[in-house]
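Here is a short report on a two-chain model. Look over the sequence and structure first, then read on.

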Amino acid sequence: MERLNRKTWILTALVVFTQAFGNFALNWGMKRQTREFGLSPVAYVEAIFTPWVAIGVALLIVWLLTRMMLLSWADLSFVLPVTSLGYVLSAVIGKLFFFEQISWSRWLGVSLIVAGTVLVGLTRPGTTQQETRELVAERA
Amino acid sequence: MRWFLVLAIVGSTVLADVLQSLEMKRHGEVTDFRPGKLGRMLAGMAQRRYLILAVFFMAISFFAFMKLLTLADLSFAVPVTAASFVLETIAAKFVLKEAVDGRRWAGVGLVACGVALLAL
């Protein structure tokens, strides 16, 4: 149980950081694109090979894989709220790098997210393991 | 166009997450984090039907999100996609049969309200 909890928090931290910095790099890169984006996929594929977009995509791939691992033992209804701390980190990054103004309503939003995360963080991460193990045994 | 993209992002995100969670639950807890083992696990996962479908929906969600970023700021794009939170929790309870207790509902509610406030 102790080991599971540590594993859960390490993976959660990885998921939060890779998502926030991945989105930041992607946004930064997309703002520097000069061409029009229509319905054709060609422009998107070309954009992926520009440096900032590439870094963003790489980070988001790590985000996807770490999140998948986390979902192998933690509930979706646990992972979603807890990893929403990424929004808080995004707000902080927005303030530091894009010099966005953070209004009182945004700080209130950040506080609500942190409170919600703490509340969900107090629950047991996985509630379906027993059931799924039975399901797997049934199929075998 | 903006709201059509939001709809596409939210819908495909919910589907992708539910399918992904379902397949990872079936796989069972990942306990070995050595790179070789992880690689072999990923190769195995790549053949799971729901996971392939999940990646397909993620791709739709990703390109719709990229398109949205060219039309709107990150401070609009990120919060509106959080509408998927409540939908996904409902799906987690009824489709994935997770035990969503009072604390989780309250937590998800707080997070969803908080994310909505970020957009103001």
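Which elements of chain B have the lowest and the highest mean pLDDT?

## Confidence

This is a predicted model. In chain B, the lowest mean pLDDT of any element belongs to H4(B), at 71. The highest belongs to H1(B), at 90. Over chain B as a whole, the mean pLDDT is 85. Of its residues, 95% reach 70 or more.

For the complex, the predictor gives an ipTM of 0.82 and a pTM of 0.79.

## The side of chain B that touches chain A

Contacts link 42 residues of chain B with 43 residues of chain A. On chain B, five helices each supply at least two residues: H1 (2-27), H3 (49-71), H4 (74-81), H5 (84-94) and H6. H6(B) gives the largest share, 12 residues. By class, this side of chain B has 21 nonpolar, nine polar and 12 charged residues.

## The H6 pair

Helix H6 of chain A spans residues 104-121, and helix H6 of chain B spans residues 102-118. Their axes come within 7 Å and cross at roughly 160°. An angle over 145 degrees counts as roughly antiparallel, so H6(A) runs roughly antiparallel to H6(B). The crossing is left-handed.

Which residues make this contact? From H6(A) they include Leu108(A), Gly109(A), Leu112(A), Ile113(A) and Gly116(A). From H6(B) they include Arg103(B), Gly107(B), Leu110(B), Val111(B) and Gly114(B). The contact of H6(A) with H6(B) has 15 nonpolar, six polar and three charged residues.

Terms used
Residues numbered from 1 in each chain as written. Chains lettered and ligands numbered in written order. Predicted model: local features only at pLDDT ≥ 70, side-chain atom pairs only at ≥ 80, totals over all residues. Axes fitted to C-alpha atoms, helices over the stretch in contact; angles between N-to-C directions. Helix = DSSP H or I, 4+ residues; strand = E, 2+ residues; numbered from the N terminus. Parallel < 35°, antiparallel > 145°, perpendicular 65-115°, else oblique. Left-handed = near helix turned anticlockwise from the far one by under 90°. Contact = placed C-beta atoms within 7 Å. Nonpolar A, V, L, I, M, F, W, Y, C, P; charged D, E, K, R; others polar. pLDDT = per-residue confidence, 0-100.
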